[in-house]
Amino acid sequence: MPQLETIAELDFQNETYKDAYSRINAIVIEGEQEAYDNYIQLGDLLPNDREELSRLAKMEKRHMKGFQACGRNLEVTPDMEFGRSFFAQLHGNFQKASSEGKVVTCLLIQSLIIESFAIAAYNIYIPVADPFARKITEGVVKDEYTHLNYGEEWLKAHFEESKAELEEANRQNLPLVWKMLNQVEKDAAVLGMEKEALIEDFMIAYGEALSNIGFTTREIMRMSAYGLAAV
């Protein structure tokens with residue numbers, strides 16, 4: 001595989017870079033907005049945790065503003081229509097699960113899939129980010145582990161009664177991650193981010209979360225295969 005550009009070779013003012021950045025920046029802004037909305041909705045489904053979920057939602061809103069500042073710093077207008085279409089299927093699945101009161105499915109989509117996706121993307125982006133965006137992203141990624149942890153702890157405490165729904169939600173939603181990664185592969189490469197590295201980091205974060213909840217290694221391998229089947 002050819003070596004992608006190093007940070008020293010990336011020209012943050014290059015028009016090709018800015019064009020790709022307009023879509024990547026929109027994805028992270030929309031992702032944080034989705035997360036904010038999802039945690040507010042989860043607060044309605046889990047009223048005893050509403051205060052904690054509201055705190056997590058506010059963190060996501062701060063992240064969104066940080067990433068908006070990253071775009072302004074490079075004088076790039078984010079393509080928000082692209083950002084919304086990027087998350088459309090996960091968004092639809094979350095809304096359907098929420099309307100049916102399926103807390104477990106909602107938590108898998110937001111606290112496991114979206115947070116693992118964000119952690120992978122931010123960790124791969126930080127070494128190749130412009131100095132302003134790097135500082136913002138380093139602060140954000142620390143918070144995302146807190147959000148991942150919330151979902152892990154809730155699902156761990158309700159593992160036995162949640163297990164079947166988690167497996168079904170995984171079957172429905174994990175393939176979407178590969179679709180999303182394929183959609184963004186070229187733009188990510190322009191920013192110095194390899195698709196293979198994104199997949200690897202996502203699977204590590206997601207697999208560790210499933211393990212912490214209570215799934216065995218064999219079960220995690222089987223669940224992960226649903227994503228790989230969609231490549």
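**Notes on an all-helix predicted model**

1. Let me start with a glutamate that caught my eye. Setting aside residues up to four places off in sequence, Glu-32 makes contact with Glu-60, His-63, Met-64, Phe-67, Tyr-122, Val-140 and Glu-144. Two of the partners on that list, Glu-60 and Glu-144, are glutamates as well. Bear in mind throughout that this is a predicted model.

2. Where does Glu-32 sit? Its place is in helix 1, which runs over residues 15-45. Glu-32 is buried but has no salt bridge. The nearest side chain of opposite charge belongs to Arg-62, and that is 10 Å away. A salt bridge here needs a side-chain nitrogen of Lys or Arg within 4 Å of a carboxyl oxygen, so Arg-62, at 10 Å from Glu-32, does not qualify. I'd look at this spot in the viewer before moving on.

3. Now the overall picture. The chain has nine helices and zero strands, so the pattern along the sequence is simply α-α-α-α-α-α-α-α-α. For 231 residues, a compact globule would have a radius of gyration near 17 Å, and the chain agrees with that at 17 Å. The C-alpha trace spans about 50 × 40 × 25 Å along its principal axes.

4. On packing: 53% of the 231 residues count as buried. Taking the contacts with a separation of 6 or more, 83% are between residues 24 or more positions apart.

5. Helix 5 (residues 103-125) deserves its own point. How many of its residues are buried? The count is 22 of 23, so "mostly covered" is a fair description. Helix 5 also has a kink of about 25°, centred on Glu-115. Even so, the length comes out as it should: 23 residues at 1.5 Å a residue should span 33 Å, and the end C-alpha atoms are 31 Å apart, which agrees. Tyr-122, one of the contacts of Glu-32, falls within the residue range of helix 5.

6. Helix 8 (residues 195-213) is another one to check for length. Its 19 residues reach 27 Å from first C-alpha to last, close to the 27 Å expected at 1.5 Å a residue. The buried residues in helix 8 include Leu-198, Phe-202, Ala-205 and Ala-209, with Ile-199, Met-203, Tyr-206 and Leu-210 also among them. That spacing is worth a thought: an α-helix has 3.6 residues a turn, so residues three or four places apart point the same way. Just after helix 8, Gly-214 takes a positive phi of about 140°.

7. Pro-78 is in the loop between helix 2 (50-73) and helix 3 (80-86). Which residues does Pro-78 touch, not counting those up to four places away in sequence? The answer is Ser-22, Asn-25, Ala-26 and Ile-29. Pro-78 and Ile-29 are 49 residues apart in sequence, yet 8.4 Å apart in space, C-alpha to C-alpha. With a relative accessible area of 24%, Pro-78 is partly exposed.

8. Salt bridges: the count comes to 10. One of them pairs Glu-167 with Arg-222, with the closest N and O atoms 3.0 Å apart. This pair links distant parts of the chain, Glu-167 in helix 7 (residues 159-190) and Arg-222 in helix 9 (residues 217-228), 55 residues apart. Glu-167 counts as buried because its relative accessibility is 18%, whereas Arg-222 is partly exposed at 42%.

9. Helix 7 has a local pair too. The side chains of Arg-171 and Glu-168 meet in a salt bridge at 2.4 Å, N to O. These two residues both lie in helix 7, three residues apart, which is about one turn of the helix. Arg-171 is partly exposed, with a relative accessible area of 35%, and the value for Glu-168 is also 35%.

10. Two more charged groups to round things off. Asp-44 and Arg-50 form a salt bridge through their side chains, 3.4 Å from N to O. Asp-44 counts as exposed at 52% relative accessibility, while Arg-50, at 40%, counts as partly exposed. Separately, Asp-19, Arg-23 and Asp-187 are linked in a network of salt bridges.

Notes:
Residues are numbered from 1 along each chain as its sequence is written. This is a predicted model: local features need pLDDT of at least 70, side-chain atom pairs count only at pLDDT 80 or more; totals for chains, interfaces and linings use all residues. Side-chain values use heavy atoms; hydrogens and water are left out. Helices (H or I, at least four residues) and strands (E, at least two) are DSSP runs, numbered from the N terminus. Buried means under 20% relative accessible area, exposed over 50%, partly exposed in between (1.4 Å probe, protein chains only). Lys and Arg count as positive and Asp and Glu as negative; His and the chain ends are not counted. Contact means heavy atoms within 4.5 Å. The expected span of a helix is 1.5 Å times one less than its number of residues. The bend at a residue is the angle between axes fitted to the seven residues ending there and the seven starting there. The radius of gyration is taken over C-alpha atoms; the globule rule is 2.2 Å times the number of residues to the power 0.38.
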